[in-house]
Amino acid sequence: MSEANQHAGKPCILCCAITGSVPTQADNPAVPITVSEQVESSQAAVEAGASIIHAHVRNEDGTPSSDPERFARLKEGLEKHCPGVVIQFSTGGRSGAGKDRGGMLPLRPDMASLSVGSNNFPTRVYENSPELITWLSSEMQKYEITPEIEAFDLSHILQATRHHQAGNLFGTLYVQFVMGVKNAMPVDKEIFDFYRHTMETRAPDAPWCAAGVGPGQILVNEWAIAAGGHTRAGLEDNIRLDKQTLAPSNAALIKRAADLCDKYERPIATPAQTREILGLRPA
């Protein structure tokens, strides 16, 4: 049986990373910056198949923010206009420093991203100290938030499995392979296959997903869907449909991933199915 058919019928979770901290409307006018733009863009992405919204917030001038009040308004809007969708807040290092990165966790989103190690980014070190990782993990446990581990390196997958086995992570272990960030792990099929093998041997019952940056987004989407994993798309990671064409919306990028789910005979997971797969509380 081919790999493509081996996973036929297995629901696939599509996560939409709607904004991020880097792309601007000068790069692509479709990047949603204000809370109202984010809610509208998310609603269209959910209609296209997304069941998780991965969210950053921005200041009025478009610069990255970790303001809990903005996160609160976004959460309220998503709950109203995208009922049942899984809300995942970013605790990433581009939006703030130190404990400011977890200042929105008392809002109790369903999920939050969590980096469990440091690595190089294009122009800086993405620093995640053991102390900060411990604090963010404990806050997620306190507020019953399931982390999505952002694995920029093989060591991050190993650290995630160790933390989970030690009881340091709330809920289901869920690891996302992030590929294509300059100076970190490239979009490379051999590496992807080894990541997947590592998950299957170290945490065989854990669901996993994968995200590709830039032109690698569609490649990683297809690798993950074909291999039985879950995947992420959206304007945070990629602002184009191809070299000549800007993506008109987050929904357009989710639609491409949804089409790949059809190709590999994998139904798109509904928000309710996503909550069940990841062991999240009901909406």
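Select Ser-90 in this predicted model, and then show the residues around it: setting aside those up to four places away in sequence, Ser-90 touches His-54, Ala-55, His-56, Phe-71, Arg-101, Met-104 and Ser-113. The residue itself sits in the loop between β5 (86-89) and β6 (111-114). Is Ser-90 buried or exposed? Its relative accessible area is 4%, and because buried means under 20%, Ser-90 counts as buried. If you now display side chains, look for the polar contact of 3.3 Å that joins the side chain of Ser-90 to that of His-56.

**Step back along the chain to β5**

Select residues 86-89, the strand that comes before the loop holding Ser-90. Turn the strand so that you can look at one side and then the other: Val-86 and Gln-88 lie on one face, Ile-87 and Phe-89 lie on the other, and all of them are buried, so that both faces of β5 are covered.

Which strands pair with β5? On one hand there is strand β2 (residues 52-55), which runs parallel to β5 and is joined to it by four bridges; to find this pairing in the viewer, select Ile-52, which stands opposite Val-86. On the other hand there is β6, also parallel to β5 and joined to it by two bridges, and here the pair to select is Phe-89 with Ala-112, which stand opposite each other.

**Pause at Ile-87**

Ile-87 belongs to strand β5, and with a relative accessibility of 2% it counts as buried. Apart from neighbours within four places in sequence, its contacts are Ile-53, Lys-75, Leu-78, Glu-79, Pro-109, Asp-110 and Met-111. For a distance to try in the viewer, draw a line from the C-alpha of Ile-87 to the C-alpha of Asp-100: the two residues are 13 places apart in sequence, and the line should come to 19 Å.

**Move on to β10**

Next select residues 175-179, which form strand β10, and notice that five of its five residues are buried. Val-175, Phe-177 and Met-179 point to one side while Gln-176 and Val-178 point to the other, and both of these faces are covered.

What lies beside β10 can be followed in two directions.

- Select strand β9 (residues 146-151), which runs parallel to β10 and is joined to it by three bridges; Ile-149 has Val-175 as its bridge partner. Adding helix α5 (residues 154-165) to these two strands shows a right-handed β-α-β unit.
- Select strand β11 (residues 208-212), which runs parallel to β10 and is joined to it by five bridges; here Met-179 has Gly-212 as its bridge partner. With helix α6 (residues 189-202) added, β10 and β11 make up another β-α-β unit, and this is right-handed too.

**Two residues with a positive phi**

Between β10 and α6 there is a loop, and in it you can select Asn-183. The phi angle of Asn-183 is positive, about 80 degrees, although the residue is not a glycine. This deserves a second look because most residues other than glycine have a negative phi. With a relative accessible area of 47%, Asn-183 is partly exposed.

Glu-265 can be selected next, in the loop between α8 (250-263) and α9 (271-278); its phi is positive as well, near 60 degrees, and it is not a glycine either.

**Look inside strand β12**

Select Thr-231, which lies in strand β12 (residues 230-233) and counts as buried at 1% relative accessibility. Which backbone atom does the side chain of Thr-231 reach? It reaches the backbone oxygen of Ala-210, at 2.9 Å. Beyond its neighbours within four places in sequence, Thr-231 has a list of contacts that includes Cys-12, Ile-13, Leu-14, Cys-15, Cys-209, Ala-210 and Ala-257.

**Zoom out to the whole chain**

Finally, clear the selection and show the protein chain as a cartoon, in which nine helices and 14 strands make up the secondary structure. Along the principal axes, the C-alpha atoms fill a box of roughly 50 × 45 × 40 Å. The radius of gyration is 17 Å, which agrees with the value near 19 Å that a compact globule of 283 residues would have. Of the 283 residues, 54% are buried, and of the contacts between residues at least 6 apart in sequence, 70% join residues at least 24 apart. If you switch to a surface, the area exposed by the chain is about 11700 Å², of which carbon and sulfur atoms supply 53%.

Terms used: Residues numbered from 1 in each chain as written. Heavy atoms only, no water. Buried < 20%, exposed > 50% of the residue type's maximum accessible area, 1.4 Å probe, protein only. Pairing = 2+ DSSP bridges. Right-handed = clockwise from strand over helix to strand, strands pointing away. Polar contact = N/O pair within 3.5 Å; in protein donor to acceptor, adjacent residues only side chain to side chain. Contact = heavy atoms within 4.5 Å. Rg over C-alpha atoms; globule rule 2.2 N^0.38 Å. Areas by Shrake-Rupley, 256 points an atom, 1.4 Å probe, with all protein chains shown as cover.
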